[in-house]
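Me: Please take a close look at a single part of this protein, the place where two of its helices meet, and then follow the links that lead on from there.

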Amino acid sequence: MSRDNRAERGMRAMIRRKLFTVSLCLLAALYLLLSLFPDLMVPGSAQEDLRPTVHTGKVAGITRKTGSTVFTIEDSRGFKVKLSYYGDLPVSSEYMGSLVSYKAILRLPEERRNPHCYDERMVLRSEGIFLKGYVNERPEITERGGPIAKYSAFLYRQKIRFEDSLPQDVKGVISGMIFGDTSDISEDVKEDFRRNGTAHILAVSGLHLGILYKVYEKMTGGSSKPVFLVVLGLLLWSYGTMCMWRPSVVRAGTMIMMKASARTFRLRYDSLTALSFAGLILMVRQPYVVFGNGFQLSFLAILAIKIAIRNLPSKIPDIVASGLAVNIVLMAYQAYVFNYVSPLSVLINIPAIYLAGIGIPLAMGSFGGSMAVQMLSARSEIRYILQVCPVSVTRLLIRFNSISGSSGDLSFDVRNPPLMVTVIMITGILFIGSEYFDLIRIRKLRKRGLRFFALIISVSLIAGTSVYDPISYDEVVFVDVGQGACVRVSAGRNDLLIDGGGNHDFNVGKNTLKPYLLKNGASDLDLALATHEDIKGDVFKLEKGVQVRTMWPLSLEKGEKQENENSSVFMVDYRGVRILVMGDLDMEGERQMIRSYRESGNINMLKADVLSIGHHGSRYSTSEELLDVVDPELAVIQVGRNNYGHPAGEVLEKMKARGIQVLRNDISGAIGLDIAVGKSGKARIRKVHSETGRH
């Protein structure tokens, strides 16, 4: 190699490293900055409008769900709106790319309700959406789009027709595999894919666009003519439009176009440079994208394949090596974000990826054939013939995932590892697998290596600090479970739960309580108490000085049903700080309980520092007599958005008249009590925290 060639190669390597470093620095800066100041880059015009107002915008995306249609609208004020229409919309494709007007109340998406749990506001911001609302009347098309909009509508119409022609049992999975739309997949099937570590098959990624690129290469015979580059661009743009331009699609499409352009113009292609460039495009276009799981997973997976795979034995087949590298890098991420790990998922991924590698191109071919059938007005039976193979392979894939995940032995739940540890593990693995580390090791540049490791640790510490939430460390937490009640008491390594909420249409245990517990340091519970169970006068001790006593009912007749007048009432005694949890006790039950304690001479046993208001603040609970006896300084109302009028105005007025501070889950999210123990052993409430920071 000549000196000039070596110099040119060195220059390219330096540019590649600089671009990659700039991308990483921008990613870290955005993540930390927006974690500390989440509203910093919100458009000033993205304000709630709580009156029904007419708005206008262009339809940028449509998602159909059971009983509703969700529009993504590029508002005329310069940001996106998520708009839900609950009604019949037979021809939704005509809206794509058109200007529409609609009358709606637009709200900010929900903030995070419990520490480290689902944050709808940040999830939607990662998609560029800043407001949401719903309409009862169909949006009105005020102006049809131009040729590009009409072409987008045509593509969406073909997508809908193809999906509607699929058998119901595979419709959602095939739509997920080729379009990334998983809205029609049942929760059980989704869970099988998640637990097995094969959910990436349902997210459009490099695998999917790579198949399109292979088809393009076959069709063009590997030609490097510029005209074919235009054809590839149109193909990728069409596919990206149908996939709603998810971050993984933008990333893969950008990298493929750079690779094809390099071949056309005889330039050197470098995957990490292309990855860095794609990342910069996404972050500059939408800074909040750094919080999206799709963005994070897509880029980490490519980094794993391009970096970590280098240190695996060359005898390992490429597909196995890729899966192993991705699983090694993503295991810590999976534990932090999803709270489970699948150590054997690499073994499950091998047959799953093989099946997907067959099913995805077959499904894409079937979709293309369906478009041709529609355009040529051919017999509709041909469409069903085209679907036989992809439907059969997809059913086999679903069955394989079901069998693999049925025992639950191949994955297990884990508590949230600290973000600092997660970042150190991922960046450390990638750094050790990089060419740069090889250079440091070969040249024995120990100081440079130590400086780099110090940088990793420093960034990880800052990242850990940025997500700090004091409620996670509070001794007593009134968990936000919507229209329900749930109190967590922590003492040392012991955890107790009083109630857990409940909803006929929503699995609170699976979707709210389990994530909350795992993300806040509890992989299991020592004790769970319900306010509608037959518990009589028992005392439950967590550790010395911390106990929960059943205050009511003291007894029940055999076979007597536990209604609201004898709902269980608990007193939490945390080293002298007393919290009375009233459950669903109504006023009649309160009178009976007070009379019983008065007659026994133990009325002072009902005094408490904190009162958890009964029955979500209903007007049928919380009598004046109860407040006189308990004499609390703080009251907590566990209530969600409801149509029952909870909490009642008269209950709030009683608190105000007595100067009792009131906190509500529907306003403040989770509420935590930081209990401090002094030198004398006597405890006090040092601070009250609320998740949303609003009182």
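**A helix crossing and the salt bridges around it**

Reply: In this predicted model, the axes of helix α4 (residues 168-179) and helix α12 (residues 345-375) come within 10 Å of each other and cross at roughly 95°. Because angles of 65 to 115 degrees count as roughly perpendicular, α4 is to be described as roughly perpendicular to α12. On the α4 side the contact is made by I174, M177, I178 and F179, which meet I360, A363, M364 and F367 of α12. Sorted by class, this contact of α4 with α12 holds eight nonpolar residues, with no polar and no charged ones.

Charged residues do enter the picture elsewhere in α4, where D169 forms a salt bridge with R395, the closest N and O atoms being 2.7 Å apart. Since R395 lies in helix α13 (residues 381-406) and D169 in helix α4, this pair ties together parts that are 226 residues apart in sequence. Both partners fall in the intermediate class of accessibility: R395 is partly exposed at a relative accessible area of 40%, and D169 is partly exposed at 45%.

The model contains 27 salt bridges by the rule applied here, and two further examples may be set beside the pair in α4. The side chains of R125 and D39 meet in a salt bridge with an N to O distance of 3.0 Å; as R125 lies in helix α2 (residues 120-125) and D39 in the loop between α1 (3-36) and β1, the pair ties together parts that are 86 residues apart in sequence. Here the two partners fall into separate classes, for R125 counts as buried at 4% relative accessibility, whereas D39, at 48%, counts as partly exposed.

The side chains of E624 and R658 also meet in a salt bridge, at 2.5 Å from N to O. With E624 in helix α19 (residues 624-630) and R658 in helix α20 (residues 649-658), this pair ties together parts that are 34 residues apart in sequence. E624 counts as partly exposed at 40% relative accessibility, and R658 is likewise partly exposed, with a relative accessible area of 32%. Beyond such pairs, salt bridges that share partners join R64, E163, D164, K171 and D184 into one network.

Conventions
Residues numbered from 1 in each chain as written. Predicted model: local features only at pLDDT ≥ 70, side-chain atom pairs only at ≥ 80, totals over all residues. Heavy atoms only, no water. Axes fitted to C-alpha atoms, helices over the stretch in contact; angles between N-to-C directions. Helix = DSSP H or I, 4+ residues; strand = E, 2+ residues; numbered from the N terminus. Parallel < 35°, antiparallel > 145°, perpendicular 65-115°, else oblique. Contact = heavy atoms within 4.5 Å. Nonpolar A, V, L, I, M, F, W, Y, C, P; charged D, E, K, R; others polar. Salt bridge = Lys/Arg side-chain N within 4 Å of Asp/Glu carboxyl O. Buried < 20%, exposed > 50% of the residue type's maximum accessible area, 1.4 Å probe, protein only.
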